Structure formats: structure tokens, C-alpha cells
Amino acid sequence: MLENHQSKELSENGEEGETTRQLCANGLCVKASEVEAKLDEGNIQEAESSLREGLSLNSEEARALLGRLEYQRGNLEGALRLFEGIDLQAAIQKLQASAPPPEKPVTKKNRPRDPPQQSASQHAASLVLEAIYLKAKSLQKLGRTNEAAQECKSVLDSVERIFQQGISDAQVDTRLQETVSHAVELLPALWKESGDYQEAVSAYRRALLSQWNLDNDSCARIQKDFAVFLLHSGVEAPPPSLGSQVEGSYIPRNNLEEAILLLMILVKKFNTGKAKWDPSVIEHLTFALSLCSQTSVLAKQLEEVMPGVFTRVERWNNLALCYSAAGQTTAAVNLLRKSLHKHEQPDDLVALLLAAKLCSEEPCLAAEGAGYAERAVNNAQGMDEHLKGVGLRMLGLCLGKQAKVPTSDFERSRLQSESLKALDGAIAFEHNNPDLIFELGVQYAEQRNLKAASRYAKEFIDVTGGSVLKGWRFLSLVLSAQQRFSEAEVVTDAALDETAKWDQGPLLRLKAKLKISQSNPTEAVETYRYLLALVQAQRKSFGPLRTLSQMEEDKVNEFEVWHGLAYLYSSLSHWNDVEVCLKKAGELKQYSASMLHTEGRMWEGRKEFQPALAAFLDGLLLENDSVPCKVAVGALLCERGKDHQPTLPVARSLLSDALRIDPTNRKAWYYLGMVHKYDGRIADATDCFQAASMLEESDPIESFSTIL
């Protein structure tokens with residue numbers, strides 16, 4: 001009988017102040033120093049014989065114990081020589097005899113007691129399997145990773161042949177379970193080291209799908225390692241085999257989906273206390289979900305993390321970042337307000353910059369964002385001084401957005417001046433930042449400083465190497481505002497030559513408008529026909545069943561194409577064609593202020609003023625700040641004001657409101673001048689006409705705000 005066979009390892013017993021190292025098995029002990037001395041002399045046979053006689057072991061067991069002793073001493077070559085003589089098949093046969101598959105689930109009440117002979121046989125065989133595992137470790141340390149992987153695989157193959165229905169707690173002793181767990185974790189690492197990545201993928205899936213009776217921490221380590229491998233290895237893993245797929249279960253379609261699934265399972269284990277918290281898992285999950293623009297899912301995962309893992313300010317900031325990326329600006333700003341409260345962390349520089357950036361996107365939040373940006377600039381001291389440029393940039397953007405909702409012309413002028421001053425200050429810190437160069441150029445363009453805008457547009461193209469589409473569009477718009485239409489068309493054609501087919505939509509619409517400006521409507525129509533051909537090709541690439549998200553992600557927006565074509569036909573007074581195009585656009589987007597404005601122009605062109613006025617008013621109800629609709633209603637009421645003076649105050653109010661939103665709208669200035677003329681205020685009318693004339697000389701074919 002083998003008693004306490006799992007303790008076949010070095011033991012230390014202190015006697016009279018001395019430490020005696022012993023090898024123990026079957027209730028017997030042998031001094032380790034005697035065995036080591038024989039090994040040092042090269043007498044392997046004598047050392048083996050000594051263990052066989054002193055501990056009642058057979059040849060395989062003795063060699064396994066000697067090999068482990070040599071491995072622990074660091075003598076890898078010696079350990080390999082001993083491991084080579086072990087008969088693995090004999091160990092498998094012994095273990096198969098000792099571990100028959102259970103016929104029914106094992107519970108505490110019916111847990112069988114292993115017969116002594118069965119336990120001894122299992123312990124002996126498990127020692128041999130451990131020796132094969134140590135052989136693989138030795139080969140790994142010697143750089144023979146492919147051989148090591150084969151040896152490690154043989155251990156797992158053997159265990160699977162023995163336990164065909166999987167391992168349970170009642171079937172194996174502790175040492176065998178430890179060996180299996182270590183081998184399961186080691187095999188994928190060995191295949192990766194040897195460069196056989198497809199085998200590594202198979203080993204990972206085998207580790208997770210087979211019944212190895214792994215503890216939660218071991219399983220969590222394997223899941224994390226596999227997820228990291230899928231994310232960062234650059235190897236496209238094949239789909240799981242059909243045999244491992246359960247009917248009705250979710251099957252990942254690619255590396256990214258499989259990695260996300262594994263990481264989300266890990267987070268769930270952390271939250272339920274089944275595995276120890278690992279902060280790197282959240283980092284990898286953040287990376288993976290950010291790649292596929294699923295930050296709202298990441299926010300949900302962060303919300304489910306147990307309290308105490310993150311501080312509440314850290315949690316708020318991370319959630320704000322997720323919601324901002326998901327386009328939920330209001331939720332993100334609300335979280336940052338809590339984070340930046342005076343009783344929390346009001347001087348957190350990163351949170352201040354993020355809050356300023358989010359507020360810069362909404363005119364109603366711009367004033368609040370300017371406050372955050374000023375605090376960020378003031379706190380950017382010492383090691384954080386390099387962030388002062390970012391703070392100044394956010395301040396400039398917030399002030400520029402705030403200038404669009406002022407209470408007076410003086411206030412607008414002041415805010416625009418301060419915006420340019422802040423952006424110029426940011427350039428001193430980040431003179432090669434292409435985004436900052438672009439934003440500064442747009443600010444100058446919106447204030448009709450076209451010379452400076454042109455300089456920054458060209459600088460942006462130089463810095464980006466012409467690889468960014470919006471730079472070419474910006475330069476074309478600046479040239480069109482300078483009435484240099486032919487040059488703008490040359491720039492647009494050059495950009496089209498450097499742009500992929502699916503990204504040409506905005507450039508082609510720009511080219512069509514340039515053709516109209518040069519009195520070439522036929523060529524403009526041809527350009528829109530080419531755009532429609534792109535739309536058809538784009539639709540076929542997704543097939544007949546397209547999701548809403550796929551339609552929103554289209555590079556060539558079909559609604560904009562049909563609406564643009566309708567607007568083109570309205571300028572040519574082809575009202576039937578306008579109606580057809582509007583019907584097509586309405587099928588894609590039922591409610592749109594811009595489409596209602598074009599519909600109103602159609603009715604106006606047909607001399608049907610009541611339907612025209614109704615369409616314009618519907619547009620205002622749909623979008624209260626729609627400048628084209630305000631100007632159109634004001635123009636209609638102005639025409640009626642020739643004969644009905646009571647309509648002139650309403651027209652004046654609408655046109656003044658349009659100019660409050662967009663002070664560079666030349667049509668609003670023109671019709672406001674007409675209102676003053678009909679109302680008898682000739683001096684005011686003259687000023688308005690002069691402003692309209694000056695703006696017409698610097699009016700781009702599209703608003704500069706469309707490229708932001």
C-alpha cells in the first residue's frame with residue numbers, strides 16, 4: 001500500500017538545531033543528501049535503486065521522483081535524462097483502472113470512499129503525469145518549445161482518455177488536479193512561444209470547453225490570456241468547431257467579438273466574487289469595446305462593478321468618457337458636474353478639459369464650458385503645463401460657440417475676438433496640431449477673414465499631407481467665398497483623385513454646387529447622377545435587408561443626395577423634378593426642416609403662397625432655429641407688406657431673429673432692408689442693403705459650419 005503518496009517531495013525536519021532534508025513516501029523516508037550525492041556522481045542507477053528499495057517504489061515512480069529532484073535543483077539536462085525513461089502508457093493504464101467514470105452525480109451523501117489500492121494506483125500514476133509536465137517545463141526553459149508543447153499535450157490527451165466524461169472532485173487527488181491545471185495553462189503559452197498560433201487558439205478553446213475541473217482563478221487567467229491574445233496577436237482565429245457549439249448559443253464571428261465575450265464573462269465573475277479583481281481586464285474591455293464603438297455597453301459594465309473597486313469620482317469620470325463617446329452629451333456633462341463639485345475634485349485637469357470639450361459642442365452649454373476651460377488653464381501648472389494649450393483651445397471653441405447665441409452685436413464681437421485670442425494662444429503651445437490649425441482657420445472664415453482662413457486651410461493640408469478630406473473641402477469653400485470658383489473646382493477635383501470612392505459624397509455635392517455657381521447646371525445634374533449611382537452600389541453591398549445603423553453609417557448619404565438634387569432643380573425652376581426628388585427624400589427621412597424649406601420654395605415657384613407659407617412654418621415648428629425657414633417666411637411676409645403694412649413687424653422680427661443666429665446670412669440682410677424700405681426707414685434699409693452686398697462678395701457656396 002502507498003500511504004500519503006502525494007508527499008513524495010522534499011521535507012525538512014529540524015533536529016538539534018540542524019535541518020535534515022528527506023524524501024518521504026509510503027510512510028518511509030530517505031535522506032535527500034544521500035540521493036543528491038549519488039546524482040552528483042552520475043550514479044543514476046544507484047540513486048534509482050536507493051529510492052526503490054528505501055521507499056518501496058517501482059521504476060517509473062523512482063525516476064519521476066528523481067527527475068523532480070533534479071528539476072528543483074535546476075539541473076534541467078539531468079532532469080530530462082531521467083524523464084525520458086518513464087513509460088507514460090503504463091501510467092495511463094493504471095489511472096484508467098483506478099478512475100472509472102461515475103454513473104451518477106456525486107454528492108456529499110453518496111461520495112464514495114476510494115479503496116486503498118485504487119488510491120495508491122492513482123497517486124502513483126499522477127506522479128508520472130506530473131513528471132511529464134515537468135519534462136515539458138524543462139524543455140521550455142531550454143528553448144525547445146515545440147517539443148515542450150508536444151509533451152504537455154500528451155499529458156492532457158492522457159487525462160482526457162482516462163476521464164472521458166470530465167474530471168470531478170471525487171475522482172482525482174489534489175496532486176493530479178494541480179498537474180492538470182498547470183498543464184492546461186501551460187499548453188497555449190508553449191504553442192505561442194513556438195510560433196504556432198492556430199494551435200494556441202485550439203489549446204485555449206480546449207482549456208475552456210473541456211471539463212478539467214479548474215478552479216475559478218485558473219479559469220479566469222486562461223480567459224484573460226485568450227482574450228488578450230485575440231485582441232493583440234494580429235492572428236485571425238478560425239471559428240469554433242461545430243462539435244463545441246451548443247444549439248441556440250451565441251457564436252462569435254471574429255476575434256473582437258470572442259474577446260469581448262470572454263472579458264464580459266470575467267467582469268461578471270469579479271462582480272459575483274468568483275474570481276479575484278484584475279484591473280487590467282477592464283482596460284482590455286475598454287480597448288475592445290472602443291474599437292467597435294460600443295462605449296454605451298462599456299458604461300453598463302462599469303456601472304455593474306461592485307462599489308469600492310473604483311472611487312466614485314473615478315467611476316463618474318470613466319462613465320462620462322463612455323457616454324461622451326456614445327453621443328450622450330447631457331448624461332456625460334451631468335456626471336462631470338458631480339465630479340467637479342467643490343466637495344469632490346474641482347481641480348481635476350482631465351475632467352475639466354473633457355467637460356469643456358463636451359460643452360463646446362452645444363451653444364447652450366458654451367458659457368459653462370468656457371468656465372471649465374478657464375479653470376483648466378489656471379490649473380495647468382508644473383508637470384501639467386503642457387496641457388495649457390489644450391485648455392486654451394477648448395476655451396477658444398467654447399467662446400466661438402457662445403458667440404452664436406449672444407444678446408447683442410457688441411457681445412458677439414467681443415466673444416469672437418476672445419475666441420481668436422485663445423486659439424492663437426493655443427497655437428503657441430501646439431503649433432503642429434492639425435485639429436487646432438483647422439479650427440482656427442474656420443473661426444477666421446466665419447468672421448470673413450478669408451485671407452487668414454486660406455492660409456490656415458493650406459497649412460492644414462500641408463501638415464496632414466492632404467490625407468484628411470475636410471481640409472480640401474475647407475479650402476474649396478474659402479476659394480468659393482473669394483469668388484474663385486474655377487480654382488475651387490480644381491482643388492475639389494484634386495481631392496477626388498486622392499479620395500476613395502465611398503468617401504467622395506461630400507466632395508461631389510460640393511462640385512455640383514460649384515458647377516451651379518459657374519452657370520453649368522447640366523454638369524451639376526450629371527454629378528448628382530453619379531452620386532445616385534454610388535448610392536445604388538452602396539446599397540447593394542449590404543443586400544436588400546439593411547439595418548438602421550447601416551443606413552446611418554453610409555459614406556454617401558442618400559437623403560442628402562436626393563435633397564440636394566431637389567434644391568438644384570428648384571434653382572432651375574424644374575418644379576415637377578423637384579417634387580419627384582422630394583418624394584424620394586421623404587421616403588428616407590420623413591421629418592426634415594431643410595426638406596420642408598425646399599418644398600416651400602417649390603410652392604413659391606408655382607405661385608402658390610399659402611402652401612409655401614405652410615411648408616416654411618412647418619419647418620420652423622420642426623426646428624425652431626432654422627435660419628432658411630425664418631428668412632423664407634420673412635421674405636413672403638415682406639412681399640405682402642407692400643400692400644398690408646401689419647405684416648411688416650412680423651417679417652422684421654423673423655429676419656432679425658435669423659440674423660441673431662447667423663449674422664452672415666446675406667438674404668436675411670437683403671429682405672430686412674426691403675422691410676425697412678416698405679416701412680419708410682430708408683437709412684436703415686441702406687445699411688442693410690450695404691451689408692448684404694458686402695456679404696455676397698464673400699459668401700461661400702456652403703456654410704463653413706457644415707465642415708465642423
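This is a dialogue on reading salt bridges, nonpolar cores and burial in a predicted model.

User: How many salt bridges does the count come to in this model?

Analyst: A salt bridge here pairs a side-chain nitrogen of Lys or Arg with a carboxyl oxygen of Asp or Glu within 4 Å. By that rule the count comes to 38 salt bridges. One of them joins Asp278 to Lys224, with the closest N and O atoms 2.9 Å apart. Asp278 sits in the loop between helix H11 (255–271) and helix H12 (279–291), while Lys224 belongs to helix H10 (residues 216–232), so this pair ties together parts that are 54 residues apart in sequence.

User: Which parts of the chain does the pair Arg337 and Glu368 link, and are these two residues buried, partly exposed or exposed?

Analyst: The side chains of Arg337 and Glu368 meet in a salt bridge at 2.8 Å, N to O. Arg337 lies in helix H15 (residues 329–339) and Glu368 in helix H17 (residues 366–379), so the pair links distant parts of the chain, 31 residues apart. As for accessibility, Arg337 is partly exposed at 33% relative accessibility, and Glu368 is likewise partly exposed, with a relative accessible area of 26%.

User: Where do Glu560 and Arg509 lie, and is Arg509 buried or exposed?

Analyst: Glu560 forms a salt bridge with Arg509, the closest N and O atoms lying 2.8 Å apart. Glu560 is in helix H27 (residues 558–571) and Arg509 in helix H24 (residues 505–517), so the bridge ties together parts that are 51 residues apart in sequence. With the limit for burial set at under 20% relative accessible area, Arg509 is buried at 14%, whereas Glu560, at 34%, counts as partly exposed.

User: Which residues are linked in a network of salt bridges?

Analyst: Lys153, Asp157, Glu160 and Arg206 are linked in such a network. Two of these residues, Glu160 and Arg206, also appear among the residues that Trp212 touches, which include Leu156, Val159, Ile167 and Val184 as well, when residues up to four places away in sequence are not counted.

User: Which residues of the largest nonpolar core touch the most other members?

Analyst: A nonpolar core joins buried nonpolar residues through side-chain atoms. The largest one here has 100 residues, and within it Val184 and Trp212 touch the most other members. A second, separate core of 61 residues includes Leu423, Ala426, Ala457 and Leu582.

User: How many residues of helix H16 are buried, and what covers them?

Analyst: In helix H16 (residues 349–359), 9 of the 11 residues are buried, so the helix is largely enclosed by the rest of the structure. Among the buried residues are Leu349, Leu352, Ala355 and Cys359, and their cover includes helix H14 (312–325), H15, H17 and helix H18 (388–402). At the start of H16, a side-chain oxygen of Asp348 comes to within 3.2 Å of the backbone nitrogen of Val350.

User: Is Thr179 buried or exposed, and which residues is Thr179 in contact with?

Analyst: Thr179, found in helix H8 (residues 174–194), is buried at 3% relative accessibility. Leaving aside neighbours within four places in sequence, Thr179 is in contact with Leu129, Glu130 and Tyr133.

User: Which residues make the nonpolar surface patch?

Analyst: Tyr250, Leu261 and Ile265 make a nonpolar surface patch of about 270 Å². Of these, Leu261 lies in helix H11 and is partly exposed, with a relative accessible area of 34%.

Key: Residues are numbered from 1 along each chain as its sequence is written. This is a predicted model: local features need pLDDT of at least 70, side-chain atom pairs count only at pLDDT 80 or more; totals for chains, interfaces and linings use all residues. Side-chain values use heavy atoms; hydrogens and water are left out. Helices (H or I, at least four residues) and strands (E, at least two) are DSSP runs, numbered from the N terminus. Buried means under 20% relative accessible area, exposed over 50%, partly exposed in between (1.4 Å probe, protein chains only). A nonpolar core is a set of buried Ala, Val, Leu, Ile, Met, Phe, Trp, Tyr and Cys residues joined through side-chain atoms within 4.5 Å. Contact means heavy atoms within 4.5 Å. Patches are made of residues with over 30% relative accessible area and no salt bridge: like charges are joined within 9 Å, nonpolar side chains (Val, Leu, Ile, Met, Phe, Trp, Tyr) within 5 Å. Accessible areas come from the Shrake-Rupley method with a 1.4 Å probe; for residues, only the protein chains shown count as cover. A polar contact is a pair of N or O atoms within 3.5 Å; within protein, one must be able to donate a hydrogen and the other to accept it, and residues adjacent in sequence count only if both atoms are side-chain atoms.
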